[in-house]
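The following note is intended for a colleague who has not yet examined this structure. Please read its numbered points alongside the sequence and the model.

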Amino acid sequence: MPPTVHLVRHAQAVHNLTTANHSMHDPSLTSHGENQCRGLRSDFPYHDSIDLLVCSPLRRTIQTTLLSFEPEISRGLPVIALPELQETSDLPCDTGSNLTALKEEFKDKPVQLSSVPEDWDSKKGKWAPQQEAIEARCREARQWLKARDEKDIVVVTHGGLLHYLTEDWTGSVKFEGTGWENTEFRSYTFISDDDGNVSMEETERSRHRPGDRLKPLTKEERIQMKETATKNWEAQGYEKASKV
């Protein structure tokens with residue numbers, strides 16, 4: 001049986017304070033963001049059942065995972081950094097640190113970087129900010145997650161990427177480049193589409209937490225909301241226009 005995946009947006013980082021800070025390379029969490037992690041650690045109801053921690057290799061997502069999921073780490077779970085989960089844009093704030101720097105910074109932490117290639121921060125090819133590349137790496141991430149033997153997985157990633165990963169565009173312009181609040185979490189299971197794509201569906205319990213997602217979008221509504229969101233994101237620089 002495929003796992004349940006608990007998706008989490010990272011806590012507040014320095015670039016979230018103002019768009020002027022989008023020029024900062026791979027920023028860390030703010031002190032408020034660290035407090036948000038403590039709140040998430042207290043409020044998250046599934047600590048005892050989690051058997052895998054996965055995150056984007058950017059610093060703010062690694063830091064969010066280490067601070068928020070300390071109970072899992074204290075019982076021996078490592079944090080697997082998965083480069084397919086990096087944010088969509090090639091803005092400096094959404095461009096990761098090079099692998100050598102990450103290994104040095106987190107050398108004393110249980111962060112596994114073996115899946116992160118040297119070119120993961122290039123924002124070229126597979127890692128490009130164009131829609132086709134983002135969709136392809138999210139599809140690969142979903143397939144990787146679905147194939148895992150673990151039953152309850154935490155994935156900490158980014159606001160824009162979460163819409164591509166879930167293929168759910170509800171409220172995608174609610175905040176700056178996303179419909180997810182910092183440290184918001186939602187739970188998903190896997191479904192298979194008619195075209196063979198592996199998709200995710202939010203659980204009933206998750207949809208009934210505070211928010212405006214009680215009614216799932218139809219396929220047509222998702223397509224319409226995606227077109228609106230991606231057009232806005234291209235204008236804002238959060239992704240690049242598709243190559244012709």
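1. Asp26 is buried, with a relative accessible area of 1%; here buried means under 20% relative accessible area, exposed means over 50%, and partly exposed lies in between, as computed with a 1.4 Å probe on protein chains only. Asp26 lies in the loop between β1 (4–9) and α1 (31–43). Its phi is near 45 degrees, a positive value in a residue other than glycine. Helices (H or I, at least four residues) and strands (E, at least two) are DSSP runs, numbered from the N terminus.

2. On the basis of the values: this is a predicted model, in which local features need pLDDT of at least 70 and side-chain atom pairs count only at pLDDT 80 or more, while totals for chains, interfaces and linings use all residues. Residues are numbered from 1 along each chain as its sequence is written, and side-chain values use heavy atoms, with hydrogens and water left out.

3. Thr183 also deserves attention for its backbone, since its phi is near 65 degrees, a positive value in a residue other than glycine. Thr183 is located in the loop between α6 (159–166) and β6 (185–192). Is Thr183 buried or exposed? With 14% relative accessibility, Thr183 counts as buried.

4. The structure holds nine salt bridges, a salt bridge being a side-chain nitrogen of Lys or Arg within 4 Å of a carboxyl oxygen of Asp or Glu. In general, side chains of opposite charge can pair when their charged atoms come close.

5. One of these salt bridges is formed by Glu84 and Lys126, whose closest N and O atoms are 2.7 Å apart. The pair links distant parts of the chain, 42 residues apart: Glu84 is in the loop between β3 (79–81) and α4 (99–105), and Lys126 is in the loop between β4 (111–112) and α5 (131–146). Glu84 is buried at a relative accessible area of 8%, whereas Lys126, at 34% relative accessibility, counts as partly exposed.

6. A further salt bridge joins Lys107 to Glu104, with 2.9 Å between the closest N and O atoms. Lys107 is exposed, its relative accessible area being 53%, and Glu104 is partly exposed at 47%.

7. Which residue meets the side chain of Arg142 in a salt bridge? The partner is Glu167, at 3.7 Å from N to O. This pair too links distant parts of the chain: Arg142 belongs to helix α5 and Glu167 to the loop between α6 and β6, 25 residues apart. Arg142 is buried, with a relative accessible area of 2%, while Glu167 counts as partly exposed at 23% relative accessibility. Salt bridges that share partners also join Glu84, Lys126 and Glu140 into one network.

8. Helix α6 is largely enclosed by the rest of the structure, because eight of its eight residues are buried. Among them are Gly159, Gly160, His163 and Tyr164. Glu167, just after α6, takes a positive phi of about 55 degrees.

9. Strand β7 (residues 198–202) is likewise worth inspecting: four of its five residues are buried, so β7 is largely enclosed by the rest of the structure. β6 and β7 run antiparallel and are joined by five bridges; two strands pair if DSSP finds at least two bridges between them. Within this arrangement, Thr189 stands opposite Glu201 in β7.
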